[in-house]
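User: I have a model open and would like to learn how to read its features. Can you take me through them step by step?

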Amino acid sequence: MSKGEKFSELRKKTEDILKVTDHSAVIENNIDIVRILDDINTYRMELERKNEELQLANAELSILQEMLKEEISVHFRHYDIAPVGYVTLDTNNQILEINQTLASKLTLHKNDLLGHLFNSLVFPDDQDIFYFCCIKIINEKKFQTCELRLHTKTISPFWVHLDCAPEHHKKGMRIHIAISDISHLKTLEQDLTLSASVLDECAEMIIVTAPDYNIIKVNKAFVQTTGFIKAETLGKNYSILQSGKHNEQFYQDMWASLKLNKNWQGEIWNKRKNGEIYPEWISLTTVSNPDGSPAYYISVSSDITQRKKDAQQINFMAYYDPLTGLPNRILLQDRLKQALVQAHRNRQHGAVFILDIDHFKVINDSLGHLIGDDLLQEVAKRLSDCIREEDTISRLGGDEFVVLLADLGEDKKNAISHASSVAEKIIHTISEPIITQENKLQITVSIGIVMFPDDTDQIIDLMKLADNAMYKVKQSGRNNYKFVTPSLQKEADERLSVQHGLHDALNRDLFELFYQPQINFITQAVSGAEALIRWQKPNSGLVYPDDFITISEESGLIVPIGTWVLEEACRQISSWNTHKKQLISFISVNMSVRQFQQKNFISEMQRIMLNHNIQPQQLELELTESILIHNLDETKRKLFELREMGIRLAIDDFGTGYSSLQYLKNLPIDVIKIDQSFINDILLDVNDRAIVQTIISLAKNLNLWVVAEGVVNQEQYEFLKEKGCDSYQGYYYSKPMPMAELLGVIQDKNSELSAGINIKY
Ligand SMILES: Nc1nc2c(ncn2[C@@H]2O[C@@H]3COP(=O)(O)O[C@H]4[C@@H](O)[C@H](n5cnc6c(=O)[nH]c(N)nc65)O[C@@H]4COP(=O)(O)O[C@H]3[C@H]2O)c(=O)[nH]1
């Protein structure tokens, strides 16, 4: 019988007994009852014990329950405050659980997130990543990871890493996701990517080496410049780039400076893979370990081949003449400076030549600039053939060259003799015919020579003196050379002082016009007057044009002076017009080449004539033959425009220049003025007589008016009159004088004429 059955039986028996009224009798008379009571006692005691045990167990259970509760609460606390976010989703993406870390990160309350869809927190661009990750978890029921950005309305997207674990649950699959914020890693990753692309895309070559100079990184620019591919250089020593152009010491110094100063900069020649060496501008830097020892060396460099070429080109353009390749004025200055210093230091003599091609302008204007350029190049070449290597030839511009002969020895005589022989050689070499573009040209040069340091030791004076000497050569027939003499120095100073004086005269209105009449041989009347400039120089009196016109032409001052003369002559005519007292029908004005060549010459003429309201026939312009041969086309155009305006045109000093019949025929000339040098000796020299006679008949044939200049006596007068000359000018009638005086002279002479006095003209 089992314990339970026994217990039930006992209970039954006991209940039966209890139904009896006198229990004690029953009990005394029933042995069974006694036994049962015993059993009951036993069971009661057992029950009491069990009860005690149960109470004990109950107490223990309570403790355990308390501990469990505590553990669960700790677990939830940990779950909530874990450094990573946790979220549990069902397969519909609904949030079933979420920890405080994640909720806080999203700045939302846990309760606001529970029951919501997790993908509403995923950044739109990354929805696909999350979707495919979930699909994989559900399908494969395996752990998955992914990286994506979360965001909320208030939080901008931030990168997280998801570790997703599926769990089978009685209510369906659960997805437990641990979420770690990886924003800082992503930033680092982006930084690294950026650094890598900066390194690679950098236009400069970058090489990183270990402390033993073994290359550990190179960039694209390095590959492109050197031709090495990355694999060929990684692990190799930096020295594979050495060109062999620098000695061992150079590299030792470079690395030593790099170690000491942590950086080094400079120019270095390296070698490309194909063996070609090239210049680099390089900047080396040391990256140190915390203990100060070098961790890496970084080399940033660029190929400066092109920069060097450009610099050479710029240098060439700055210091050399592009046409001839000869040193220009700036480089010459430098060489002259050095030569003067050397001459002093070594007690040596030297020479400077300034040379100029005779009549170069004529060639240039008539044959064109291309031939002019060829000619200059040929002259440069020939000059180079005449000098030693240590000498210098420079082109100053135009057709002006300078030769610098340095170190001509201590003896001045020998130095002069050497300089003379070089000058003779140059004159001879240059005069050899030059064939250019089917033209055979024969040219000559004029050379001025200054010896240094004896003549001067100042660069500026060297050039000025040599220039003056050359000028003298030009004056005395060209194709020669001349040395500077002390008197030339004086002249140079005077020329400078004249230039200053001319400026002063312009500013202070110190110029004056004198007039010399032209008398008609037939009518004996004064037809016109030539305006001749005078300079009332303070403390010096009247200065004549021969003393300043050339200087003003050379300095360009002739342009404002010429304008002043034109204005003044027109003012004079204008005043006659106003007072209706005109004894002289026109005034002729001398033109200089420079003035005539001004681009605005015609418009200036128009302006002046309009300004003074004069008739064009009241003005005559005297042009020298040198004006006519310059820039023929342009000259022709201007002359026709002047003719169009009605202005008379005269050729001055006819017979002394080129006297080309061609321009007499083709240009709109009205008057020829026979130069006074022919008139001077007209009675003594048969040639001059013949020339004058020829000019007169030429003029007649070409229907030109002919004027004789410098008529001083009756014989000359008679001769010219007889030969049919139209009018004359000269002291025979009157010297040039101020207009007021001249008008008095004319009136006197006119009254003598009308009184029938036997006048001498
Ligand atoms: N011995 C002698 N000389 C006589 C006689 N008759 C006139 N003369 C001088 O001969 C020169 C004639 O002027 P030119 O041939 O045009 O030569 C002029 C002309 O070429 C230039 N000139 C004068 N004024 C001007 C001017 O306003 N502009 C320019 N560009 N040149 C000028 O200066 C030159 C010299 O002028 P001037 O000294 O005035 O000298 C004048 C005049 O004084 C004479 O019978 N005997």
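Analyst: We will go through sheets, backbone exceptions, cores and the ligand shell. Keep in mind that this is a predicted model.

User: Start with sheets. What order do the strands of the antiparallel open sheet of five take?

Analyst: The general idea comes first. Strands of a sheet pair through backbone hydrogen bonds, either parallel or antiparallel. Here, the five strands run in the order 2-1-5-4-3, and the pairing is antiparallel. Strand 2 (95-98) and strand 3 (144-150) are the edges, each pairing on one side only. Neighbouring strands are turned by 25 degrees against each other on average, direction ignored.

User: Which helix packs on that sheet?

Analyst: Helix 6 (residues 127-140) does, touching strand 3, strand 4 and strand 5. Its direction makes about 155 degrees with that of strand 3.

User: How many bridges join strand 4 and strand 5?

Analyst: Eight, in the antiparallel sense, between strand 4 (residues 158-167) and strand 5 (residues 174-181). To find the register, look for facing residues. Glu167 stands opposite Arg174 in strand 5.

User: What do strand 8 and strand 9 form?

Analyst: A hairpin, with five residues between the two strands. Gly275 sits in the turn and has a positive phi of about 90 degrees. Strand 8 (residues 263-271) and strand 9 (residues 277-288) pair antiparallel over nine bridges. Lys271 faces Ile277 of strand 9.

User: Now the sheet with mixed pairing. What is its strand order?

Analyst: The order is 12-13-11-16-17, in an open sheet of five strands. Its edges are strand 12 (392-397) and strand 17 (481-483). The twist averages 20 degrees from one strand to the next. Strand 12 and strand 13 pair antiparallel over five bridges. Arg395 has Phe401 of strand 13 as its bridge partner.

User: Which strands does helix 12 lie across?

Analyst: Helix 12 (residues 329-346) lies across strand 11 (350-357), strand 12, strand 13 and strand 16. It runs at about 140 degrees to strand 12. Helix 15 lies across strand 11, strand 13, strand 16 and strand 17, at about 165 degrees to strand 16.

User: Next, the backbone. Which peptide bond is cis?

Analyst: Again, the rule first. Most residues other than glycine have a negative phi, and most peptide bonds are trans. In this model, the bond from Phe452 to Pro453 is cis, with omega near 5 degrees. Pro453 lies in the loop between strand 16 (445-452) and helix 16 (459-475).

User: Where is Lys262 placed, and what is its phi?

Analyst: Lys262 is in the loop between helix 10 (248-261) and strand 8. Its phi is near 70 degrees, a positive value in a residue other than glycine. Asp407 also has a positive phi, of about 50 degrees. Asp407 lies in the loop between strand 13 (400-405) and helix 15 (412-431).

User: Why does Asp407 count as partly exposed?

Analyst: Because Asp407 has 16 C-beta neighbours inside 10 Å. Lys262 is partly exposed as well, with 14 other C-beta atoms within 10 Å.

User: Val692, then: buried or exposed?

Analyst: Buried, because Val692 has 25 C-beta neighbours inside 10 Å; the cut-off for buried is 20 or more. Val692 is in helix 26 (residues 686-701). Beyond its neighbours within four places in sequence, Val692 contacts Ile674, Phe678, Ile679, Ile682 and Lys723.

User: How many residues make up the largest nonpolar core?

Analyst: The background is simple. In soluble globular proteins, nonpolar side chains tend to be buried together. The largest nonpolar core here has 65 residues. Ala569, Ile587, Val589, Ile672, Ile674 and Val706 touch the most other members. Helix 19 gives the largest share of this core, seven residues. A second, separate core of 47 residues includes Leu355, Ile357, Ala406 and Leu408.

User: What does Ile672 contact beyond its neighbours within four places in sequence?

Analyst: Ile672 contacts Ile651, Phe654, Ile695, Ala699, Leu704 and Val706.

User: Last, the ligand. Which residues come nearest?

Analyst: Leu532, Pro545, Asn590, Gly730 and Tyr731, out of 23 residues around the ligand. Strand 19 (526-537), helix 19 (558-579) and strand 23 (648-654) each give two or more residues to the shell. Strand 19 gives the largest share, three residues. By class, the shell has ten nonpolar, eight polar and five charged residues.

Notes:
Residues numbered from 1 in each chain as written. Predicted model: local features only at pLDDT ≥ 70, side-chain atom pairs only at ≥ 80, totals over all residues. Near = placed C-beta within 6 Å. Helix = DSSP H or I, 4+ residues; strand = E, 2+ residues; numbered from the N terminus. Nonpolar A, V, L, I, M, F, W, Y, C, P; charged D, E, K, R; others polar. Pairing = 2+ DSSP bridges. Axes fitted to C-alpha atoms, helices over the stretch in contact; angles between N-to-C directions. Contact = placed C-beta atoms within 7 Å. Buried ≥ 20, exposed ≤ 12 C-beta atoms within 10 Å, placed from the backbone. Core = buried A, V, L, I, M, F, W, Y, C linked by C-beta atoms within 7 Å.
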